[in-house]
Each structure stands twice: as C-alpha cells, then as structure tokens.
Amino acid sequence: MQDDQITPTRLGNAIRRLEEYGYDRYRLDSQVLWNELTAMAPEQARRQVDITRTSVDFFIALLYGHTVLVAMALCVTSVDSADPPILLGTAGVLGILCPLWYRAAVAATDEWAAAVRALVNLGRHPLAQAMGLDLPQDIEEEREMWRMVSRMSRTRFHDRAAALNRFRSSPGPGDPMSAPAQPTLSTRSCGPCCPQAAPSGCRPTRPPL
C-alpha cells in the first residue's frame with residue numbers, strides 16, 4: 001500500500017487494501033467502476049463479496065451499539081433511582097467487549113479482501129468485452145487500457161481519450177450493429193382481386209366476367 005493511502009486506523013487500512021487491489025494490479029479503479037464490474041462479474045463472486053462484507057458490518061454494528069450502551073449506562077448512574085453497581089458493571093463488561101468486536105471486524109476483512117480480489121480477477125475480462133474492448137495479452141498494455149477507462153469514467157471527456165481506440169474491438173459478424181440495413185419493400189393489399197399482400201405499386205386487375 002502506498003504511503004498516501006494509509007489511514008489512521010487498523011480497520012481503515014484493512015478496508016483500503018481491498019479498495020486499492022484492482023488499481024494496484026491492473027490500474028482498474030474498482031471504486032469508480034464498481035457498478036459495471038459487479039454487473040458483469042460471475043454471480044458466485046458477487047454473492048461472496050456480499051456475504052463477507054456482511055460479516056464485517058455485523059461486528060462494526062456490535063462495536064457501535066455497545067459503545068452507545070456504555071455511554072448511556074454511565075449517564076444513567078447520575079439518576080437518583082439508578083443502581084450504580086449494576087450500571088457500572090454493565091458498562092465495564094460492554095467496554096471490554098468493544099475492543100474484541102473491533103479486532104473481529106479487522107480479521108473479517110481478510111475474507112472480504114479475498115472476495116474482492118476474485119471479483120476483480122474474474123470480472124475484468126467480461127467487463128472489457130461488455131465495454132467493447134479487447135483485453136490485451138501484455139499486462140502493461142492491459143494496465144494502460146484500464147487506466148484510461150478509469151480516468152475517462154471519473155473525469156470529463158478529453159480528446160486524449162482517442163488513445164483508447166486501439167483497444168476497441170471490431171464488430172463481429174453476429175453483431176446486429178455490424179449488419180448492413182437491408183431495404184424492405186412496403187406491402188399493401190391490392191383489394192379483393194389480390195387478397196394476399198403484394199409489393200407496393202401493383203395494380204389491381206378486374207375480376208373476370
């Protein structure tokens with residue numbers, strides 16, 4: 001992790017590593033392209049990210065919830081009808097649990113980071129195809145391509161974006177956009193003498209006498 005990405009807390013650094021994985025490896029900014037990446041990644045990879053993040057959110061919710069309860073218990077001790085020993089004991093127990101929940105949240109980010117790595121590794125190829133790009137064989141070329149895609153997604157368009165043209169894939173024969181439009185003849189019914197639809201311009205004939 002680069003020095004400018006270091007945060008003041010252990011939990012922040014643990015989360016930052018998974019946020020920076022895509023950009024550090026492939027120059028794919030997963031935070032900017034998160035919606036596109038999750039839309040094209042395999043279903044199992046997306047589910048794994050959601051499950052592992054839920055574990056981290058659970059421990060963080062316990063941490064904040066118990067912190068609030070400790071503060072409330074300490075505040076209630078000043079009430080005349082309160083029972084200070086019970087309140088102080090409750091605050092002490094919950095205060096001991098708060099650091100445990102914090103460490104558990106930090107440890108749970110390991111599985112979350114692994115799930116995000118799988119999401120990036122498995123999802124970048126279908127993402128490139130969906131965006132009309134050919135994934136280069138050379139890793140440096142791929143990093144250059146994702147760097148331009150990420151920059152174009154988070155900044156205003158500039159003429160320099162034309163450099164991305166060399167990574168664009170040509171429409172295949174099965175692409176509906178590549179098929180030339182075929183002229184069609186309008187049809188109309190020619191009346192009772194010609195009950196079937198016929199090309200426009202046909203003249204109705206008189207029925208035989």
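**Figure 1. T9 caps the N-terminal end of helix α1.** In this predicted model, a side-chain oxygen of T9 lies 3.0 Å from the backbone nitrogen of G12. Helix α1 covers residues 10-19.

**Figure 2. Four residues of helix α1 are buried: L11, A14, I15 and L18.** Seen down the axis of α1, these buried residues fall within an arc of 90 degrees, so they line one face of the helix. The elements that cover them include α2, α4 and α5.

**Figure 3. The largest nonpolar core of the model has 32 residues.** Inside this core, the residues with the most contacts are W112, L133, M145, W146 and L164. Five helices each give two or more residues to the core: α1 (10-19), α2 (21-26), α4 (43-76), α5 (84-130) and α6 (139-154). The largest share comes from α5, which gives 11 residues.

**Figure 4. W146 is one of the core residues with the most contacts.** Leaving aside residues up to four places away in sequence, W146 touches Y26, R27, L28, R124, L127, A128 and L135. Three residues in this list, Y26, R27 and R124, return in the next view.

**Figure 5. Two arginines, R27 and R124, lie over tyrosine rings.** The charged end of R27 sits over the ring of Y23, at 4.7 Å from the ring centre. R124 lies over the face of Y26, and here the distance to the ring centre is 4.2 Å. Both R124 and Y26 are also touched by W146.

**Figure 6. F58, F59 and W101 form one aromatic cluster.** The model has two aromatic pairs by the rule used here. One of them joins F58 and F59, which meet edge-to-face: their ring centres are 5.5 Å apart, with 65 degrees between the planes. The rings of F59 and W101 also pair, with centres 6.3 Å apart and planes at 25 degrees; planes under 30 degrees apart count as stacked, so this pair is stacked. The F59 and W101 pair links distant parts of the chain, since F59 is in helix α4 and W101 is in helix α5, 42 residues apart.

**Figure 7. The residues of the aromatic cluster, F58, F59 and W101, seen by their accessibility.** Are these rings' residues buried, partly exposed or exposed? F58 has 49% relative accessibility and so counts as partly exposed. F59, at 21%, counts as partly exposed. W101 is also at 21% and counts as partly exposed. The cut-off explains these labels: buried means under 20% and exposed means over 50%, so values in between count as partly exposed.

Definitions and conventions: Residues numbered from 1 in each chain as written. Predicted model: local features only at pLDDT ≥ 70, side-chain atom pairs only at ≥ 80, totals over all residues. Heavy atoms only, no water. Core = buried A, V, L, I, M, F, W, Y, C linked by side-chain atoms within 4.5 Å. Buried < 20%, exposed > 50% of the residue type's maximum accessible area, 1.4 Å probe, protein only. Contact = heavy atoms within 4.5 Å. Phe/Tyr/Trp six-rings, centres within 6.5 Å; stacked < 30°, edge-to-face > 60°. Lys NZ or Arg CZ within 6 Å of the ring centre and 35° of its normal. Arc of directions from axis to C-beta. Polar contact = N/O pair within 3.5 Å; in protein donor to acceptor, adjacent residues only side chain to side chain.
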